[in-house]
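Welcome! Here is a short tour of the side-chain contacts in this structure, with aromatic rings and charged pairs as its two themes.

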Amino acid sequence: MMNTAVTGFDLLGDERAETVSHAHDKAQFEPGMLTVTQLERWLSEIRDQPAWRREADKCADYYDGNQLDPDTLQRLEDKGLGPLITNLIAPTVNAVLGMEAKTRTDWTVSADDDRWGDVADALGAKLHEAERESHADRANSDAYAGTIKSGFAAVEVSRNSNPFEYPYRVEMIHRAEMFWDWRSRKPDWSDARYVVRRRRYDADHLAAWFPQHAEAIKAAGTWADWSDYLTLDNRISADLMHSIEQGIRTSWDDLDWRDTTRQQVTCFEVWYRVWVRGLIMSLPGGRVIEFREDNPYHRAVVASGAVQPRVAVYDKLRCAFYVGPIRLLDRATNKRRFPYIPFFGYREDLTGVPYGLIRSMLSPQDEINARTAKMMWLLNSRRVFMDRDAVDPQYNTLSDASREIGRADAFVVTNPSRVKGPDAIRVDDNMALSAQQFQVMQERKQAIQEAAGVYSALMGQNSNASSGTAIQSLVEQGVTTLAEINDNYRESRRLVGQALMELVKEDMKGQAEVMVDTGTVKRRVMVNIPARSEATGQEYRENDVQVAPVKVALADVPSTPSYRQQQFGQFAEILKSMPPQYQALLVPFALEMSDFSKRKEMAEFLRKQLGIQADPNSPEAQQAEQQAQQAQATAMQLQMADAKSKIDERVAKTEKTQAETAQIQAEAGAPSADPQADSAHQEVQRLMEQVQRLQQQLASRDADNRARLQQTAMHEDAETRRTLMKINAKPAAPQPAA
């Protein structure tokens, strides 16, 4: 597979590249394969589509400054003028592109159920890593630039064939390579019958990925006459007979798919849908999968009575690779969406033709260039009114005078004996017409911004608004006029994140530990934990990534440095207006919102000094709470031991006093009261009551801890857990999973 276009091998599920060499033989017997005739019919439909690509190329040329055709350049040169171009489209478009970079938001992963919150956090951490390493933000920004300029671009989300690079690839695809079913109306191509990517490669480069067709691919790039090669039976091996038969039956012109001078061939990567009628299963939680009779897990779930299959008509995606009329590969995939995500700007209502902002700016830009050339010509031209005897024929003629008057250092000898007066030669420099041309040109400059819906305040230029509120209102109005195209971009960007997360989920199959950054601290999340039901003895997985009902969305708050700086300024103003006792508590949060390199360390240091817990649910905070509870329990135990020792001492003293009192009474023969003994008895009673209160406090605290632990452990519903155990039940004789 190639690093740029050939992506079919990366999207065949879990099979590896070494199995592709035999894929052609197996694909010959699969139903629903794409034939050469069907591909030719689709390519014929593509050729009959509206001719929007030429206008899109023109819009891109105007942005790049290529705004004058060869005929116009020749006319300007004949008049002595150079290529006069005032490119006002580029700064206007750059202002819109800068707004996208300034308000860019991150992807967030959310779960449909709170029970899958840890899985969503783990997938979010992996998705952010893939977003950073695959340069997905750059690909999305390039696609946004394509939609603003020409109205269409695409982003490829697939596995990377280069083993030395990051496993996932997210790249912007130029509009010249992408073709799709024009009857599709949905912005994500979910109703398109086919999507074709066409690109030329060196023959030896493509032959390295399809070794079973290497001979035919190289011959297509080198043989000048393709029919001569097809008639040489001694050059055709048995493995190529099927491909050669296709080449004989086709009506394609050689120029459409091969270049013998450069030794290049055109590769068609075709993703298409085939419709089938079969059984499906609706699992608890809303997940729908295809029922397969040869899968023991599917049979076990149906036999348990948890779900029942039902008949439905649904589509499957297939991928085919063609080099001209030669089929290199055609097989089914396990994907539910195309690997190419379309980015549309605006679309015409009747034809569906995509277009961007530049199309409405073409006419004002042409008028500006024309008026600039006209104004420069007027400034350099002179209108001369001359009598026939105005010049002295001894020194110059009328033609000499015409050339001299057009120069800045003109020298004309007039006729001293002419009949008329001194105004025989009159020169008009056209300054009035030049001023009018300049005034109209200034108006057309403003028309470019108005046609695009971008105002001067949005571009950072001076405007009629003088107050900050008025300027902010103009900026918001400019953003509002771009709401539709920005909304289309946000939806396509979300689909790119969803496609990238699906690849991440496919690779997270075994038990794994994921570090989730909560902003202040990091916590560990375990996924795909093997477990066994105590009631049934069946195995299942806790925090199973494959069945987790999670989705990708865009965050509400942008994550760009400029936006963070704006938030920091607003928070600083709020912090100044708060009482001093609350300012100290919020200073760590202000440090975390800043761009300091040591902001997290400084915030953590301040929290420790102030005794503030950043995140009460973090492992560090929970450990600190447990340590505090243990220290408190130890202190209470020490207090109880001290009280018990005092009680024992008082009891001994009281018994001694009572014994002495009884002895004295016996010797005296008369009863008597001992105040000291009564006081000791009361002290013992008081200490006993204190010990009882401490015991009650310890018992209450232990009960609270047990209730908290029990509430944490019982976070799942019993009925739902039994259903999930049945679905994830593992049979006695394991078989490969679907």
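In this predicted model, E177 has a relative accessible area of 15%, so this residue counts as buried. Its salt-bridge partner is R199, with 3.6 Å from N to O. R199 is partly exposed, at 29% relative accessibility. The two residues are 22 apart along the chain: R199 belongs to strand β5 (residues 194–202), while E177 sits in the loop between β3 (168–173) and β4 (178–180). Both also belong to a wider network of salt bridges, in which E156, R169, E177, R197 and R199 are linked.

How many salt bridges does the structure hold? The count is 27, and three of them, including the one just described, are set side by side here.

| Salt bridge | N to O distance |
|---|---|
| R199 and E177 | 3.6 Å |
| R523 and D118 | 3.6 Å |
| R273 and D315 | 2.6 Å |

The bridge between R523 and D118 connects distant parts of the chain, 405 residues apart: R523 is in strand β17 (residues 522–527) and D118 in helix α6 (residues 117–133). D118 is partly exposed, with a relative accessible area of 33%.

What about R273 and D315? Their side chains meet in a salt bridge at 2.6 Å. Because R273 lies in strand β7 and D315 in strand β9 (residues 310–323), the pair ties together parts that are 42 residues apart in sequence. R273 is buried, with a relative accessible area of 5%, and D315 is buried too, at 10%.

Now to the rings. A search of the whole structure finds 17 aromatic pairs. One of them joins W42 and Y272: the ring centres are 6.0 Å apart and the planes meet at 55°, so the pair is tilted. This pair links W42 in helix α2 (residues 36–47) with Y272 in strand β7 (residues 264–282), 230 residues away along the chain. W42 is buried at 5% relative accessible area, and Y272 is buried at 2%.

The rings of W180 and W182 are stacked, because their planes are at 25°, under the 30 degrees that count as stacked; their centres are 5.5 Å apart. W180 is buried at 1% relative accessibility, and W182 is buried at 13%. Both take part in one aromatic cluster, formed by W52, F152, W180, W182, W189 and F344.

Charges meet rings as well. R347 lies over the face of F344, 4.2 Å from the ring centre. The charged end of R359 sits over the ring of Y355, at 3.7 Å from its centre.

Methods: Residues are numbered from 1 along each chain as its sequence is written. This is a predicted model: local features need pLDDT of at least 70, side-chain atom pairs count only at pLDDT 80 or more; totals for chains, interfaces and linings use all residues. Side-chain values use heavy atoms; hydrogens and water are left out. Rings of Phe, Tyr and Trp (its six-membered ring) pair if their centres lie within 6.5 Å; planes under 30 degrees apart count as stacked, over 60 as edge-to-face and the rest as tilted. Helices (H or I, at least four residues) and strands (E, at least two) are DSSP runs, numbered from the N terminus. Buried means under 20% relative accessible area, exposed over 50%, partly exposed in between (1.4 Å probe, protein chains only). A charge sits over a ring if NZ of Lys or CZ of Arg is within 6 Å of the ring centre and within 35 degrees of the ring normal. A salt bridge is a side-chain nitrogen of Lys or Arg within 4 Å of a carboxyl oxygen of Asp or Glu.
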